[in-house]
Structures are given as structure tokens and as C-alpha cells.
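User: Please take a close look at one helix in this model. What is buried there, what lies against it, and how does it fit into its surroundings?

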Amino acid sequence: MKNTWLVRSLSLVLIASPVILSSCQSQQPNAATTPASGGTTATTAADTAQKRSIKVNPSWLLQGDNAPLTIAIEKGYFPAEGLDVKIERGYGSSDTITKVAAGQFELGFGDIYSMMEFNAKNPNDPVVAVAIPYNQSAFAIVALKSSNIADPKGLAGKKLGAPAGDAPRKLWPVFAQKTGVQADSVEWITMEPKLRETLLIKGDVDAVSGFATTIIPALEKAGKKPEDMNVFYYTENGLNLYGNAIVVKKAFLEKNPEVVKGFLRAYFKGLQDTLKDPAAGLESVVKAGDSLMDKNAEKRRLQIALERLYVTPEVEKVGLGGVDPTRLEATAKQVAEVLQIAAPPVNQIFDESYLPPKEERALPAAADRKPLT
């Protein structure tokens, strides 16, 4: 496998031939590429020189549920906002928080609950969420049925595997408390992300933590079927958690409000387009990817996101990227108690003032949303 993507930063400028791009939660080290423009939305190198350059850190590599980003690239929504967006791959949704706080990236897609803990330990460099496009968390513990782990309590005394920067691993103590497992009764094995599913199949670990959108398609690609897996979603075990948020360092946010507002406008146009025509969204991801990308796996990832993460009754009420303050407060307190930190007020976790107006980020009507076929 090629490693050149590890050091590449790429401009989301529409050009005729793809360039390397990488994003969130894929199991392949995708040397993903910027979608080729098919029409008048393309920007030129000269156009780029006139735009504000920003770096964005998604929590993983490019995959199906990143369709809102690739659609926004393909249709020129970011350049239309005066932005030349550069992306470097992520290494976990909690790792993203650290890098955004350090100023390595202006924006990132990260876990707000990990962000709470980071802010408690680093009050001089706080990070804040400005949108939460993933209304439900994809956090999960996954075991193969051959391991005879039928429910979360069966994880006690087992070996669990995950990368060091894995947010579900970070929140394991919260999950353990809710499911009646002693948090310190398991042994965590740190591994490279690309080895997670392989080591699970080999039996080197009994279960793994991560995003369901990553783990399930990777196991299926390796020959496992849904009926071969036990998937313990955090949201189905007493933790009504939000998923990844778009996070920004507070100091950057205060100095560059229009940059953040422009990014959000472009992103949510891409998300609305993806919900209306997910097949087109999938095609944009595949076009943005490299030869290692498996279209079927990315379709499965996007399908999980469509069914579990993006569209919920709450989103019907608050709009894409918005939150229910009561729910956010409750989950923040729940996590803070187990992590032994003070629960911050909602306005220190999430600042909705940078979002587009609700009508501009409304969930498309069901009749306008095509199925992913």
C-alpha cells in the first residue's frame, strides 16, 4: 500500500484531473482524489489565489459518509464562499480535537464529548462545536459471534482493540458504566487503524471499538456477513450521544467568523444534495477516491449514515446541524460524571450562531429524498 497520502495536503479546488484527498473513517489508506469538475463550477489556479486558504481535519480517511464534502467540492460550493479548503486525513475523532486546538487545522470533524474532556484539561485553548451534522453517534463495540460475546456484559475480561485516538475507546468508561461492566476489567490493545478488523478476524482481540460506518463495511469486505457480528451501539445502550461535530478553536472562531459561516453554508448545501440524491453523493466520493476504494464498501457506509446518523425526528425539528439543548445537556452531564470533569454549560459546547438560518439547512422532504440503490 502506498503511504504518500500521509503527508499530502490538498486543495479542494475543482480541476480536470483528480488530486490526492483523504478524509474520515475508512479502513483503506485511501489516497483519495478531488472530484473532477464536469461543468461550469470548476475553479482555476488563478481563482484559488484570490480565496482564503483553510485546512480541515476530518476524523478519518475518505469514505461514503463524506459525500456532503465531496459534493460540495464537485459543485463549487466552497470556492463560491471565497474558500480554498485544504484537507489532511484524520487519525481519530478525539485526535482531531487536539490538532484543531493546536492550530494545525482551522476546522475539524470531532467528538464533542472528547472535546469536553480536552477543554477541561486545557482551559486556555478551548475548542467549540459550531454544527453537529451527525445527529446520532456511530460509536460501537463490535464482536464476532464466534467469540460468544452475546451482550456488552460479555466483554468483561476480554481483549478490546482500537487505535489510541479512537473516541469510542476514550468513552469506554461511560459505556461500561451504563452496561454494567467494570471498566478496568478489559484489556485494551492499541493497534494501527488498518489492522483493526484483521486482528479481530484473526482472534488477536475479542472485540474492537470504533465507528460502525468503518467497522461493519470493512468486516463485510473481508467476507463476514451481518449475521456474523454482534454490534453494540452506544446509542442503544443508554447513551443517546450526538455524533461527530464540526469543531473550531474558539480563538480562531472569534477572529474569523465569516470563514466559519461560509464553510458551514457550503457544507450543508452538500449535505442536502446528498440526502436528495445519495447515489450522486456516492459517485462523487468514488470519483474523489483512488483505485483502492471499494464502491460497495463505501455504499454500505453511506447507507448506515443515511439510516442511522443524518435523518432523525430531531433533525426534522432543529434542522441539519442543529441540536436539542435539553438532550445535549443531559448527555454532557452523563459523560462528565463518568470522566470526573465538570459538565460545561451547553453554550460552551455548542455555538449555533454560526449556522445558516434553519430554513437554509432544512431536512429535505421525504418525497425529495431518493433511495440509495
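## Helix α15 and its surroundings

Analyst: Nine names come up as buried in α15: R327, L328, T331, A332, Q334, V335, A336, V338 and L339. The model is a predicted one. Several of these positions are three or four places apart, as with L328, T331 and V335. An α-helix has 3.6 residues a turn, so residues three or four places apart point the same way.

Start with length. Helix α15 covers residues 325-339, 15 residues in total. At 1.5 Å a residue, that should give a span of 21 Å. The C-alpha atoms at its ends are 21 Å apart, so expectation and model agree.

Now the two ends. D324 caps the N-terminal end of α15. One of its side-chain oxygens lies 3.0 Å from the backbone nitrogen of T326. Past the other end, Q340 comes just after α15 and takes a positive phi of about 60 degrees.

Next, the partners. The buried residues of α15 pack against five helices: α5 (112-121), α6 (167-170), α7 (172-179), α14 (313-318) and α16 (346-349).

R327 deserves its own look. This arginine lies in α15. Its relative accessibility is 8%, and therefore R327 counts as buried; the cut-off is under 20%. Leaving aside residues up to four places away in sequence, R327 touches N135, Q136, N240, L241, Y242 and E314.

N244 is another buried polar residue. The loop between β12 (229-233) and β13 (245-249) holds N244. Its relative accessibility is 3%, so N244 counts as buried too. The side chain of N244 makes a polar contact of 3.1 Å with that of S59.

Follow the packing into α7, one of the partners of α15. W172 and F175 sit 3 residues apart in α7, which means about one helical turn between them. Both W172 and F175 are buried. The whole structure contains 9 aromatic pairs. W172 and F175 make one such pair: ring centres 5.9 Å apart, planes at 35 degrees, so the pair is tilted. W172 and F175 also belong to an aromatic cluster with F139, W188, F211 and Y234.

Now follow α14, also a partner of α15. Helix α14 is part of what covers the buried residues of α13 (residues 295-310). That cover also includes α2 (67-74), α9 (212-221), β12, α11 (257-276) and α12 (278-288). The buried residues of α13 are A297, E298, R301, L302, I304, A305, L306, L309 and Y310. At the start of α13, a side-chain oxygen of D294 comes within 2.9 Å of the backbone nitrogen of N296.

Two arginines sit over tyrosine rings. The charged end of R308 is 3.6 Å from the ring centre of Y233. R89 lies over the face of Y91, at 3.8 Å from the ring centre.

Last, the whole protein. There are 16 helices and 13 strands. Of the 373 residues, 58% are buried. Among contacts between residues at least 6 apart in sequence, 81% join residues at least 24 apart. The exposed area is about 14700 Å², with 49% supplied by carbon and sulfur atoms.

Methods: Residues numbered from 1 in each chain as written. Predicted model: local features only at pLDDT ≥ 70, side-chain atom pairs only at ≥ 80, totals over all residues. Heavy atoms only, no water. Helix = DSSP H or I, 4+ residues; strand = E, 2+ residues; numbered from the N terminus. Expected span 1.5 Å × (residues − 1). Buried < 20%, exposed > 50% of the residue type's maximum accessible area, 1.4 Å probe, protein only. Contact = heavy atoms within 4.5 Å. Polar contact = N/O pair within 3.5 Å; in protein donor to acceptor, adjacent residues only side chain to side chain. Areas by Shrake-Rupley, 256 points an atom, 1.4 Å probe, with all protein chains shown as cover. Phe/Tyr/Trp six-rings, centres within 6.5 Å; stacked < 30°, edge-to-face > 60°. Lys NZ or Arg CZ within 6 Å of the ring centre and 35° of its normal.
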